[in-house]
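User: Please take a close look at one part of this chain. Start with the whole, then work your way in, and keep the sentences short.

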Amino acid sequence: MKEEGRDECGAPALYEDPDFRCVDASLFSGSSTPLARMQGDITWLRPQEICPSPALFPSNISLGHAKQGLLGDCWFLCACTFLLKKKQLLNKVLPEDQPQWGDSRYRGCFHFCFWQQGHWTEVTIDDRLPCINSSLCFSRCHSPTAFWVALLEKAYAKLHGSYERLWAGQVSEALVDLTGGLAERWSLGDFGSEEEQRTAQDSDQVRRRRLDLNLLDPVKDDCALSCSTHSTPGGQKSVCSQIIQ
């Protein structure tokens, strides 16, 4: 009979998260997205079962950027990319010196922190990841041996209740959760057409709008800016999100 916390060979057993298990409930939340078509096709594998030499980050950091998989969470991945440019924030979300694969202290778990309701909240996960045909089916790094994005995505899915709950969202929301910063959103459509701006170029309203945009220039290095579009009955409107660190 094996000891508690050890496998059949006597080695320390790898952690299995009891609160976010490898079951459909962790993947699907209502089958209201195309993700529902993958029911029954997904298996869960640890990084060392996916590639021979896994690591959190690649030696070439440019290959550590996020690559979207079958999950519609590009809004979250956009915020993840910002973390690579701000090491102090990356270390806050993914604390340093966590035992990785090949380390004698490795136990198959990782800790992350997200900004929730005014304070940093720790989320612990095991490193079993959703796969199809032995390959990651959701987000991953451009390097096939780097797993920080896939693990961070899993922790964020646990925070929200399932992977499917990450389908569609706002970049500004993810940036707040990953930075603890303040978000401001405004619609570029509020500025009107070029013709409308020309006819009202001397109005106080137009001057105030232009002043607000000019104020961004000296602080742009301390902000994360994103831009997205969405369809409206009259065409497309651009929305810009700002995070001040």
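Analyst: Contacts between residues 24 or more positions apart account for 65% of the chain's contacts with a separation of 6 or more. A contact here means heavy atoms within 4.5 Å. This is a predicted model, where local features need pLDDT of at least 70, side-chain atom pairs count only at pLDDT 80 or more, and totals for chains, interfaces and linings use all residues. Residues are numbered from 1 along each chain as its sequence is written, and side-chain values use heavy atoms, with hydrogens and water left out.

The chain has 245 residues, and 39% of them are buried. Buried means under 20% relative accessible area, exposed means over 50%, and partly exposed lies in between (1.4 Å probe, protein chains only). The secondary structure comes to 8 helices and 10 strands. These are DSSP runs, numbered from the N terminus: helices are H or I with at least four residues, strands are E with at least two.

Now the part to study: helix H3. It covers residues 74–85. How well does its length fit the expected span of 16 Å? The end C-alpha atoms of H3 are 18 Å apart, which agrees with the 16 Å expected for 12 residues. That expectation is 1.5 Å times one less than the number of residues.

Many side chains of this helix can be sorted by burial. The buried residues of H3 are Trp 75, Phe 76, Leu 77, Ala 79, Cys 80, Phe 82, Leu 83 and Leu 84. Cys 74 also belongs to H3. Is Cys 74 buried, partly exposed or exposed? Cys 74 is partly exposed, because its relative accessible area is 48%. UniProt lists Cys 74 under "active site", in an unreviewed entry. Such annotations may be inferred rather than shown by experiment; the positions follow the numbering used here, and feature names are shortened.

Does a cysteine in this helix have a bonded partner, or none? A search of the whole structure finds 0 disulfides. The test is a pair of cysteine sulfur atoms within 2.5 Å. For Cys 74, the closest cysteine sulfur is in Cys 78, 8.2 Å away, so the gap is too far for a bond. Cys 80 of H3 enters a second case. Cys 80 holds the closest cysteine sulfur to that of Cys 141, but the two are 9.2 Å apart, too far for a bond. Cys 141 counts as buried because its relative accessibility is 2%.

Next, the strands. Strand S3 (residues 109–116) and strand S4 (residues 119–126) run antiparallel and are joined by 8 bridges. Two strands pair if DSSP finds at least two bridges between them. Gln 116 faces His 119 of S4 across this pair. S3 and S4 make a hairpin with 2 residues between them. One of the turn residues is Gln 117, in the loop between S3 and S4. Its phi is near 50 degrees, a positive value in a residue other than glycine. Most residues other than glycine have a negative phi. Gln 117 counts as exposed, because its relative accessibility is 81%.

A similar turn of phrase fits another loop. Asn 133 lies between S5 and S6. Asn 133 has a positive phi of about 55 degrees, although it is not a glycine. At 71% relative accessibility, Asn 133 counts as exposed. The strands on either side belong to an open sheet of 3 strands, ordered S1-S5-S6, with antiparallel pairing. S1 (43–45) and S6 (135–136) stand at the edges with a single partner each, so one side of each has no neighbour in the sheet. S5 (residues 129–132) and S6 are joined by 2 bridges. Across that pair, Cys 131 stands opposite Leu 136 in S6.

Aromatic rings come next. Rings of Phe, Tyr and Trp (its six-membered ring) pair if their centres lie within 6.5 Å; planes under 30 degrees apart count as stacked, over 60 as edge-to-face, the rest as tilted. The count comes to 12 aromatic pairs. In one of them, Trp 101 and Tyr 106 have ring centres 6.3 Å apart and planes at 45 degrees, so the pair is tilted. Trp 101 and Tyr 106 are both buried. Phe 20, Trp 44, Phe 138 and Tyr 163 form one aromatic cluster.

Last, Ser 26 in helix H1 (residues 24–27). Ser 26 is buried because its relative accessible area is 4%. Beyond its neighbours within four places in sequence, Ser 26 contacts Phe 20, Arg 21, Trp 44, Ser 162 and Tyr 163.
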